[in-house]
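Here is a short set of exercises to work through with the model open beside you. Try each task before reading its solution.

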Amino acid sequence: MRRPLAALHGTTSALRQRCATVTGQSERTTLLGTILLATSVSAVTAFVLGQYFSIDALSSLVFVPDDCQVDWGTRVGRHCFSDYGIQANVGMQANPWGSNVVTLPDHSSLQFGFSNYPAAGMLPQTVFGFLGRALHAPKLGLVAYLLLLTMAALTPAVWAARGARGLERVVVFFACGTAAIPAWMVIDRGNSTGFVVPIALAFLVALCRQRWGLVTVMVILAALVKPQFAVLGMVLFAARQWRWAGTAVAGVALSNIAAYLLWPRDFPQTIVQSIHNTLGYGSFKALIGLNVSFGKALLILPDSLEARATGGNLPDGFLAGPRSVIGYVVLLLVVVSVLALGRRIPPVLVGIMLLATACLFPAVVLPYYLAFALPIAALVVRDPAGPPGTGIFDRLATVGDGRRAVGICVTLAAALSIAHIALPSPPLRAEIVGAVQHGLEMPDRWVVVTTASFAALLWLLACGVIVGSFARRPAPIPSGDQRPAGKVPVDPAVAPN
């Protein structure tokens, strides 16, 4: 009996050692490995679903390409980049927030509804729309817009790759750029959310270096693209930078109001109209459909139980009240937590929490908003204040504050927000937008749910772990440094390029 027991003991010890080796990997290695593994699994499931079950796996991961409600002059095959085309054409009207008669490229007209974008948020599409109209080539304006949008979405991948060595640069660029499903979503839709990505990267890098002036500028710029990113300004209050916090509040308010002056007709009534349109956006179908918000994530279980009880479809209005307010409750809890803890949490982690919350708290959050994870992943891979081949959690470990749970939760949330997997699940019939309007007979397109639905839960867990960890034990002051907790010195010898 001794020999079998000894063999069993040896096998158990070997397994423990291997598990310890896997779990002992740095957050940087964990991020890259998780993205590469999830991307490989995604490729396999996409092949099986498409080849054997006639599921459109690519449309499940990104979007259904047939989106030409109207030919804005930007049609490419069956795709029209509608998030660009609609806003570009509506933005060229005298009052985009009222009912408009839009002139199409073929000189016909269309009665079009109001815009749910604020004035500043419409500027990128409108500028390139005017460019295409001035050159009598709408597609040229679209191509220029998409090139700029692609550069913005891939900025974190390029920046992170510069901090790697040798062949690892290719791996980093692939993981944070080529394999990033949210980046392709943003480009596929032509949505201006992609312009927030480089701003968020600069915001987080500035927090690492504690350059509060640059942080303030990035908060103002982010709020111009999407107003909810004004929440990022809370990091200045948490860091007790009162003067910069006041500057950020004033800058966000004045810059957003000033943008409405570019559409002088009906000003200032246009501000009220815009707010009304934005708050009224999102039907019950949008709340339960292609939505990755906190509210949708927290109601996954009751939704699944109710759908099973009713034959697969949720009854109209099911838990509609909680859906519309859950995100705001989460936002309030996060803001109160970071303000109460203040300097106990390093500013860059506060910035990560607020960035995730700003993207996911609205009642309707389309999956391309997960692009906010790209700059976070870039920081996990590259520390702006460290030597090549290190990430921000490697630096925390060197000052005796590794916070393993914090690092792993943030890393996994970022990785699984970037790499999505189409799940073997009951197929859903995708609506072909515009087919009915144009009388087109389109074949049925079947899609399935993806792991993007669980991203909000992972970020809720990450935020909870950060708050709980630093509430118990504040961030230590590095040895030999007398500055406030969370202030990490930059070594001139390894200053970032």
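**Exercise 1. Find which residues serine 469 is in contact with, leaving aside its neighbours within four places in sequence.**

Solution. Take contact to mean heavy atoms within 4.5 Å. With those neighbours set aside, Ser469 is in contact with Arg403 and Val406. Next, locate the residue: serine 469 sits in helix 22, residues 455-472. Helices here are DSSP runs of H or I with at least four residues, strands are E runs of at least two, and both are numbered from the N terminus. Finally, serine 469 has a relative accessible area of 10%, so it is buried (under 20%; exposed is over 50%, partly exposed in between, with a 1.4 Å probe and protein chains only).

A note before you go on: this is a predicted model, in which local features need pLDDT of at least 70 and side-chain atom pairs count only at pLDDT 80 or more, while totals for chains, interfaces and linings use all residues. Residues are numbered from 1 along each chain as its sequence is written, and side-chain values use heavy atoms, with hydrogens and water left out.

**Exercise 2. Work out how the buried residues of helix 13 are arranged around its axis.**

Solution. Start with the buried residues in helix 13 (residues 269-279): Thr270, Ser274 and Asn277. Looking down the axis, the buried residues of helix 13 fall within an arc of 65 degrees, so they line one face; the arc is taken from the directions from the helix axis to the C-beta atoms. Now turn to the face away from that buried side, where you will find the exposed His276 and Leu279.

**Exercise 3. Decide how helix 6 and helix 9 are oriented to each other.**

Solution. Helix 6 spans residues 138-162 and helix 9 residues 196-209; their axes come within 7 Å and cross at roughly 40 degrees. The axes are lines fitted to C-alpha atoms over the stretch in contact, with angles from 0 to 180 degrees between N-to-C directions. Helix 6 and helix 9 are therefore oblique to each other, since angles under 35 degrees count as roughly parallel, over 145 as roughly antiparallel, 65 to 115 as roughly perpendicular and the rest as oblique. At the meeting point, helix 6 brings Ala152, Ala153, Thr155, Pro156 and Trp159, and helix 9 brings Val197, Pro198, Leu201 and Val205.

**Exercise 4. How many helices and strands does the protein chain have?**

Solution. Count 22 helices and 4 strands. Then consider burial: 51% of the chain's 497 residues count as buried.
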